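Subject: A structure to look at

Hello,

Here is the structure I promised to pass on. Please have a look at it first, and then read my notes underneath.

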Amino acid sequence: MHAVATDPAHQRRGHARAGLTALLADLEQEGVTLYELYASGGVPLYEPLGFPSDPALMRMTRFP
């Protein structure tokens with residue numbers, strides 16, 4: 001996935017969190033355990049989902 005954004009008129013309504021949560025669930029079902037997120041912002045969105053708060057690289061490993 002590349003360059004994801006929410007239209008300003010629809011921000012702060014949980015759309016990004018819902019989409020990312022669904023994506024992570026699908027990836028987990030497929031057996032994916034390593035996630036790398038390169039983000040210029042969005043730490044309040046990503047951190048509660050398990051990504052560490054390093055703004056340059058957010059890497060998370062999940063084990064079933």
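Below is what I found, going from the whole chain to the core, the pocket and one residue of helix H1.

Please keep in mind that this is a predicted model.

The overall picture

The protein chain has 2 helices and 2 strands. If you follow the sequence from its start, they come in the pattern α-β-α-β. The C-alpha trace spans about 35 × 25 × 20 Å along its principal axes. Of the 64 residues in the chain, 17% are buried. The chain exposes about 4900 Å², and 56% of that is supplied by carbon and sulfur atoms. I also looked at contacts between residues at least 6 apart in sequence: 41% of these join residues at least 24 apart.

The core

Which residues make up the largest nonpolar core? There are 10 in all: Leu20, Leu24, Tyr35, Leu37, Ala39, Leu45, Tyr46, Leu49, Phe51 and Met60. Helices H1 and H2 and strand E1 each supply at least two residues of this core.

The pocket

The largest pocket has a volume of about 1000 Å³. It is lined by 31 residues, and those closest to its centre are Val4, Ala16, Leu20, Leu45 and Tyr46. Three elements give two or more residues to the lining: helix H1 (15-29), strand E1 (34-37) and helix H2 (43-46). The largest share comes from H1, with 8 residues. Sorted by class, the lining has 17 nonpolar, 10 polar and 4 charged residues.

You will meet some names twice here. Leu20, Leu45 and Tyr46 belong to the largest nonpolar core, and they are also among the residues closest to the centre of the largest pocket.

One residue of helix H1

While you are looking at helix H1, find Asp26, which lies in it. Is Asp26 buried, exposed or partly exposed? Its relative accessibility is 46%, so Asp26 counts as partly exposed; that class runs between the 20% limit for buried and the 50% limit for exposed. Asp26 also makes a handy starting point for a trip across the model: Phe63 is 37 residues away from Asp26 in sequence, and their C-alpha atoms are 14 Å apart in space.

To find your way around, you could start with helix H1, which gives 8 residues to the lining of the largest pocket, and then turn to the core.

Best wishes

Conventions:
Residues numbered from 1 in each chain as written. Predicted model: local features only at pLDDT ≥ 70, side-chain atom pairs only at ≥ 80, totals over all residues. Heavy atoms only, no water. 1 Å grid on protein atoms, 1.4 Å probe; cavity = no way out; pocket = protein on both sides within 12 Å on 5 of 7 lines; lining within 4 Å. Points joined across faces, edges and corners; volume = space filled by probe spheres on them. Helix = DSSP H or I, 4+ residues; strand = E, 2+ residues; numbered from the N terminus. Nonpolar A, V, L, I, M, F, W, Y, C, P; charged D, E, K, R; others polar. Buried < 20%, exposed > 50% of the residue type's maximum accessible area, 1.4 Å probe, protein only. Contact = heavy atoms within 4.5 Å. Areas by Shrake-Rupley, 256 points an atom, 1.4 Å probe, with all protein chains shown as cover. Core = buried A, V, L, I, M, F, W, Y, C linked by side-chain atoms within 4.5 Å.
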